[in-house]
Amino acid sequence: MNDYTIDLEATREFHRELAEALPAQRRLYRASLEAANNAMREQRIVVTKNKQVEVALSAVLLSEESNRRVGAFTERLHGVVEQVLDTVVETPGLMAEVFTDHARLFSLLAGTRGCATRQVVSRYDLALEPAGRLRVMELNTSCPGGYMVAEAVSIVTLRGLERLGAGLQIEERHIGCVLQEDVVDAILAVEDAAGIEEGAIGVLTDENELTFELDLLAAAFRRRLRDVYLGDARKLEYRDGRLYGDGRYLSAVYNKFRISTPHSQNHCWREGFEHRYDALLQAQRDQNVVFINNLYGMAIAEDKSLLALFHHPAIRAALSEDDLAFVDEHTPWTARFVPGLADYRGEQIDLIEYVRQRREQFVVKPANEGRGFGVVVGRFATEQQWAEACQFDPACPCIVQEFVHTQELPVICQREGRVTAESMFLTLGAAVVRGRFQGIISRISANPVTNVAREGFLQAVFVGDELRSEKPGPMRRTRVAPTRPSLSRQAIRLDNTLRLQKRLAAMLPSHSGMLQVALTRANQFLARAARRAQEETSPGEPPEQGISAQSAALSALVLSRGDVRYLKRSAETLHESVERLLDHVLADTQLRDRWFSSYAELFPYFAKTRGGNHWQSISRYDAVVTAAGGLRFIDLNAGAPAALLIGEAIAQETRRGFQQLSRAGGLQALNIGSSGPFDLVDALLAIEARSGLPPQGVAVVHHAGLAPEAEILATALEARGRNAVLCGAGDLVQENGQLTALGQPVSLAYSHSRMIDAAHGDTVRLVAGCRPFLEAQRTGQVVAVNNLAAHTLASDKSLLAMFFAPESVGYLAPAEAAFVAEHVAWTAILAEGPAQRQGERFDLLPYVRARRGELVLKPARAHSPSSVIVGPRCDQAGWEEAIERVLRSPVRHVVQEYATPFSLPIICERDNDAVSEEGRLTLGLTVLDGRYNGVISNVYAARDGGLFGQAVFVVGQAN
């Protein structure tokens, strides 16, 4: 049988250390708790109308393996529960025998359209024994709480712990709780699978008026660009086969309902429910709405009597031996609490009397209630309380369950203004949607009934290996291993982007005027910059792909925070791999000379930037987004990456344009996902601060065609209190032992200038006049970003070819090598001789000639799309002619795998009209000082390759 044991030692040690330090750290703890709980209040997260969600200085710390075990356990349990439900439905009389309290609902039971399982959204409550064994206490498949607030609790707790100054190394990427966006995406996936016409999402309450998290859920759907009806299910209408809320067609509904027994003292659908909810129930019966959760979940699976079924002969006959062993190991003995005989571990007992006499051994719970209502834990009850609990009440059916010893932790919390350490019980809620584990919702409480609506706390969850402690001072430090986790997600989700673009395209026939106005506004910034660039570009100067080369489309890439995490890990992993390869090349002069001899004149000036930790201080890694949402990196730009400073402006202008369009109005509440000028300025100043040089002026070194971007950067530097000097590379000279720019001493230089001249074929020479600047960089007299090695080697596609050459084998870490194979487009220098791809060796030129449909040709150093020869767009004769032409050229070219880009409709301007065209999506992932700092998005028009800048927005939190 699988081992599902969870290692709790890091969690126990963490709490012991906090508690031990309480006498000395009480004031600091108080400030930390007040800051964390103020943050929760600012987010207006409440359990009930009168109870605020509060946090404690507490967290579950799990290893990657323990988290994997919780996930595997959860999905195994879900499968077993599904088998039980199937058996109950298919076995004559069993439903009526066990779930007689729900007989009034039997005719209404139906699955959810688009979901293959009877349970859709569940939270399985698990007791965690001190030895690490998981025990199933309850199944919550009606309206499980915590899904929408668990992430906020983890983030706020993390911020509170950071205030302790304990050297905490945990980051948001280690959050292991259920994430809002993943839940919403999973729910929308059910709707997508249903094949139903998209309408608004209904977020519904019933007569019980349970509203916990519903505003957060509605906001999360709106961030997915979905219209939401948040309201009472009794007010719905059903006509012509469609469900309506407030006049809006609803294609899916999330039901925050509580359906207890007919005469419950607590939450219930009272008599006449079939009339009050007639519209909703008819739509569900006709399968004309996606019903989340359905009545199988809200009534049958929610009933704790289902746990008692694990001991029923019909159920045990239906389960495999492995499943029976799993159930017996991880489910405490449970029975319906009714008069008569029962089998207790092979012994026939008078159930109620037996339980009454063994208070320490059992727990009595109402079978159909929530929020801890009516639960009595024998060993924590008085004799009188226990006697009352053991009174059989047919109006409130109960179950009896063996008591489980749960892990207790000393938890720092605030009670009535006093900071204290209380012993609390730990319960894990395993979140599952459509049978897939979504994360953990952890709760702690001094009451053995760990319910947040009563006196418990939601608890942060962090996942990472080597969560260990060392003791530097009055309090130990909890550390997370610095190794980056593997890429659990291998693609970005494009459904929000596609949904937005389709809506805009659909609006074009009837709203062309409004779209034209929005498009014009979105283009104003770039239009002004393009005119300025055109005015300042010298006659005959070659064009550069930058601010002057593109317009903005009325289009946006809409990312989730999960997408951002994937992009961040991808960008930083590639960055580390490129850095490792640069170290390898520049440490081996023979290898350097063999691969990059054209840069020989420049080698003496290759040096890392003073204060920099990397060869590349600023990079943009260009990637094609495939039809499946995966990334294929196709280019490196670490010299003067164009468009670095305008992504934020494009998003701002696009958002202003969208504000004119009511159907896309939700975008004004989204974060911008591109880096802006102040991100670059802060990275530059951080590098300068590490250099030890006293701050002086900042030279912004540019060539004329990029003057607008240089001016943007200079303005941002001035706003940070620094004197910025716009100059060319030849304006940097030595004066009295000091590097100056137009007479101003400088300590920092951002080089957005061409410092190399490639007009001599494949031999690269320095532009006249830039040697004083490069000599100052080489000697560390100035902080130069980027340095010459970045401008040359790290911007040459030959470096991508090195990833696939035998010379690089063994120099990448295994995880990096796997990443390169998965995410970097295969590249080779186009020349006669052997090559290899995916372990296959071949003669390169015949290979290239024969595979026109899967390859492209590119200059190794140029970055203009017009210089790329795309095999799939050529006929065979044209392809072979292009190969011969490239081979005769003195400029080095590479051959690269062609990645089919994701296509989407875009609204762009053609001849002063707004038109809808097919666009192809590419991304530029920005890395500043080794850290991911946003993404630049472009779309290429399929008809002519025209380049359009595109806004990038991030859902999940407001700006």
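This is a guided tour of one protein structure, to be followed selection by selection in a viewer. Please keep in mind throughout that the structure is a predicted model.

**The nonpolar cores**

Begin by selecting Tyr29, Tyr147, Phe221, Leu236, Leu243 and Leu280, which are the residues with the most contacts inside the largest nonpolar core, a set of 141 residues. Now keep Phe221 and show what lies around it: leaving out residues up to four places away in sequence, Phe221 touches Val184, Ile187, Leu188, Ile201, Val203, Arg226 and Val228. A second core, separate from that one, has 96 residues, and among them you can select Ala623, Leu774, Phe819 and Phe948. As background, nonpolar side chains tend to be buried together in soluble globular proteins.

**Helix H25**

Phe819 leads to the next stop, since this residue is also one of the buried residues of helix H25, which covers residues 814–823. Select Glu816, Phe819, Val820 and His823, the buried residues of H25, and turn the view until you look down the axis of the helix. Where do the buried residues of H25 fall when seen down its axis? They lie within an arc of 100°, and they therefore line one face of the helix. In an α-helix there are 3.6 residues a turn, so residues three or four places apart point the same way. On the other side of H25, select Pro814 and Ala821, which are exposed. To see what covers the buried residues of H25, add elements including helix H17 (561–587), strand S26 (631–637) and helix H24 (798–803).

**An open sheet and the helix on it**

Next, select the four strands of an open sheet, which follow the order S36-S41-S39-S40 with antiparallel pairing. At the edges stand strand S36 (827–829) and strand S40 (869–870), and because each has a single partner strand, one side of each is left without a neighbour in the sheet. Zoom in on S36 and strand S41 (residues 893–897), which run antiparallel and are joined by three bridges; here Ile829 stands opposite Val894 in S41. Then add helix H27 (residues 876–888), which packs on the sheet and touches strand S39 (855–859), S40 and S41, its direction making about 30° with that of S39.

**Another four-stranded sheet**

Move on to another open sheet, in which four strands stand in the order S12-S17-S15-S16, again with antiparallel pairing. Its edge strands are strand S12 (334–336) and strand S16 (376–377), each of which pairs on one side only. Strand S15 (residues 362–366) pairs with S16 in the antiparallel sense over two bridges, and Val363 has Val377 in S16 as its bridge partner.

**Two acidic residues**

Select Glu138, which has its place in strand S5 (residues 134–140). Is Glu138 buried or exposed? Its relative accessibility is 16%, so Glu138 counts as buried. Setting aside neighbours within four places in sequence, Glu138 is in contact with Arg123, Tyr124, Asp125, Lys304, Leu307 and Lys365. Asp323, found in helix H13 (residues 321–330), counts as buried too, at 10% relative accessibility. If residues up to four places away in sequence are not counted, Asp323 touches Arg76, Val80 and Gln83.

**Cysteines**

End the tour by selecting the cysteines. How many disulfides are there? The count comes to zero, and for Cys390 the nearest cysteine sulfur, that of Cys398, is 9.6 Å away. Cys390 is buried, with a relative accessible area of 1%, and Cys115 is buried with a relative accessible area of 13%.

Methods
Residues are numbered from 1 along each chain as its sequence is written. This is a predicted model: local features need pLDDT of at least 70, side-chain atom pairs count only at pLDDT 80 or more; totals for chains, interfaces and linings use all residues. Side-chain values use heavy atoms; hydrogens and water are left out. A disulfide is a pair of cysteine sulfur atoms within 2.5 Å. Buried means under 20% relative accessible area, exposed over 50%, partly exposed in between (1.4 Å probe, protein chains only). A nonpolar core is a set of buried Ala, Val, Leu, Ile, Met, Phe, Trp, Tyr and Cys residues joined through side-chain atoms within 4.5 Å. Contact means heavy atoms within 4.5 Å. The arc is that of the directions from the helix axis to the C-beta atoms. Two strands pair if DSSP finds at least two bridges between them. Axes are lines fitted to C-alpha atoms, for helices over the stretch in contact, and angles run from 0 to 180 degrees between N-to-C directions.
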